[in-house]
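Take a look at this model before reading on. We will start from its pocket and work towards the ligand.

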Amino acid sequence: MAFTEPAGAAAATQAPPQEMPQATHQVPPQTGRAAGPDGILRRQAQRESAARTYARSLPIVPVRARGLTIEGADGRRYLDCLSGAGTLALGHNHPVVLEAVRGVLDSGAPLHVLDLATPVKDAFTTELFANLPPALAADARIQFCGPAGTDAVEAALKLVRTATGRSGLLAFTGAYHGMTSGALEASGGAAEGRVTRLPYPQDFRCPFGVGGPEGAELAARWTENLLDDPKGGVSLPAGLIVEPVQGEGGVNPAPDAWLRRIRDITASRGIPLIADEVQTGVGRTGAFWGVDHAGVVPDVMVLSKAIGGSLPLAVIVYRSGLDVWAPGAHAGTFRGNQLAMAAGTATLAFVRENRLAERAAVLGDRMTAALRGLAASHPCIGDVRGRGLMIGLELVDPDTGAAAPALAAAVRQECLERGLIVELGGRHSAVVRLLPPLTLTDEQAAAVLDRLADAIPAAARRPR
Ligand code: PMP
């Protein structure tokens, strides 16, 4: 893909190639306070928690959005490659999502129903099951969880612990599963608990120093050996949880052969395999589910983000044989979000009908190839990797090869000034991440790449 147009700092205010509607509403009136974005941002900084995250690096007050484009209260427009941390498979306010939400609102259906059956929920479950790996769908159960991905992770861990009567868990270096205690314990940042940490294969910073299929095979052997070693210090666990592509961990795709080995290792030992597809699901990686690339059928799938069509929804789907927990074993008031289910049904159907997973694969390959071309002339880009429209660039110190988080933060800032929103991730927060909507057009992809291509040398030129 060619970089079609040079993008300067003025690009942030230019209309991007996007179907942004004319303004249909005004910024809500403020009462007796500075109404502009500066006042809002100032009050946010004063009143919100020190733990706030995206708000620190993205001083934007979004007031309108459509597709890839988000517009701030100051009138500036941005190409949003953060997409609600990978939630917006169809971008902002996609017409089919809006129509589905309006349909529920106009129908008079109750918006809150705990976990009762409704036609909206029935349609969601039917559409979701139609898209699951067939071998799982044939014998699956679904549990609607609290609205966040992390709650579904908790449910998955509870499910396999109940079903196996065991408590240990296998999880990976670099993993991210959420912020509640069980999910956090399974994530790479945790240092203690009932979790045994296994090496996740990485080509760029391979823990075994070899990378490629050999590094992945060594990682699998380590897992196998640890489980079979009577003095290895690891008893048979309740489950193994894995991301088909580590997102927050720095966009590390699991090699297909390795994932199949993990499936074999777990299946032959009666260890339930939990695929955390919170970020990889619904076409993001170029297949409907991240596990589809390897042809692996997990015992449990954890789903959130895109399945709610931009509204909060989280579920687990699992083999019926695991369904031995008691009524109320995983409860919660907010398990029946009707608007999210309707938006999710519309999103799942749109992705399926328009083969957006295939589109993500094609476009992702092209964007990754273009970024590799960019890396060839910019030694500060140490690695370009990803799968489908889950893409990462690792910024490094060209002299030492060490991860360069300050440079990555500067790239994010330069991108913002050029009207492009990107996220950082990775072990050292040195990976610039792109998670654009699957509806991205060729022109939009070119605009994203242009702005990034312009931002990287500008960031590298900044005094350190
Ligand atoms: N699992 C994965 C793979 C994720 O990427 C995330 C969120 N980034 C979560 C779980 C947690 O989801 P939530 O933030 O909705 O709790």
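What volume does the largest pocket have? This is a predicted model, and in it the largest pocket has a volume of about 980 Å³. The lining counts 36 residues. Y54, A85, Y176, E248 and K305 are the closest of them to the pocket centre.

Which elements give two or more residues to that lining? They are α2 (54–57), α3 (83–86), α7 (149–164) and β16 (423–425). The strand β16 provides the largest share, three residues. By character, the lining of the largest pocket splits into 15 nonpolar, 15 polar and six charged residues.

Now to the ligand. It sits in the largest pocket. Around the ligand are A148, G149 and T150, then Y176, H177 and G178, along with E243, E248, D276, V278, Q279 and K305. This shell divides into three nonpolar, five polar and four charged residues. Y176, E248 and K305 are among the residues around the ligand, and they are also among those closest to the pocket centre.

Where do polar atoms meet the ligand? Start with the backbone: an N or O atom of T150 lies 2.9 Å from a ligand oxygen. Then come side chains. Q279 places a polar side-chain atom 2.7 Å from an oxygen atom of the ligand. K305 has a polar side-chain atom 3.1 Å from a ligand nitrogen. On its own, the ligand has 390 Å² of accessible area, and the protein covers 84% of it.

Definitions and conventions: Residues numbered from 1 in each chain as written. Predicted model: local features only at pLDDT ≥ 70, side-chain atom pairs only at ≥ 80, totals over all residues. Heavy atoms only, no water. Near = heavy atom within 4 Å. Polar contact = N/O pair within 3.5 Å; in protein donor to acceptor, adjacent residues only side chain to side chain. Areas by Shrake-Rupley, 256 points an atom, 1.4 Å probe, with all protein chains shown as cover. 1 Å grid on protein atoms, 1.4 Å probe; cavity = no way out; pocket = protein on both sides within 12 Å on 5 of 7 lines; lining within 4 Å. Sits in = over half its atoms within 2 Å of the grid points. Nonpolar A, V, L, I, M, F, W, Y, C, P; charged D, E, K, R; others polar. Points joined across faces, edges and corners; volume = space filled by probe spheres on them. Helix = DSSP H or I, 4+ residues; strand = E, 2+ residues; numbered from the N terminus.
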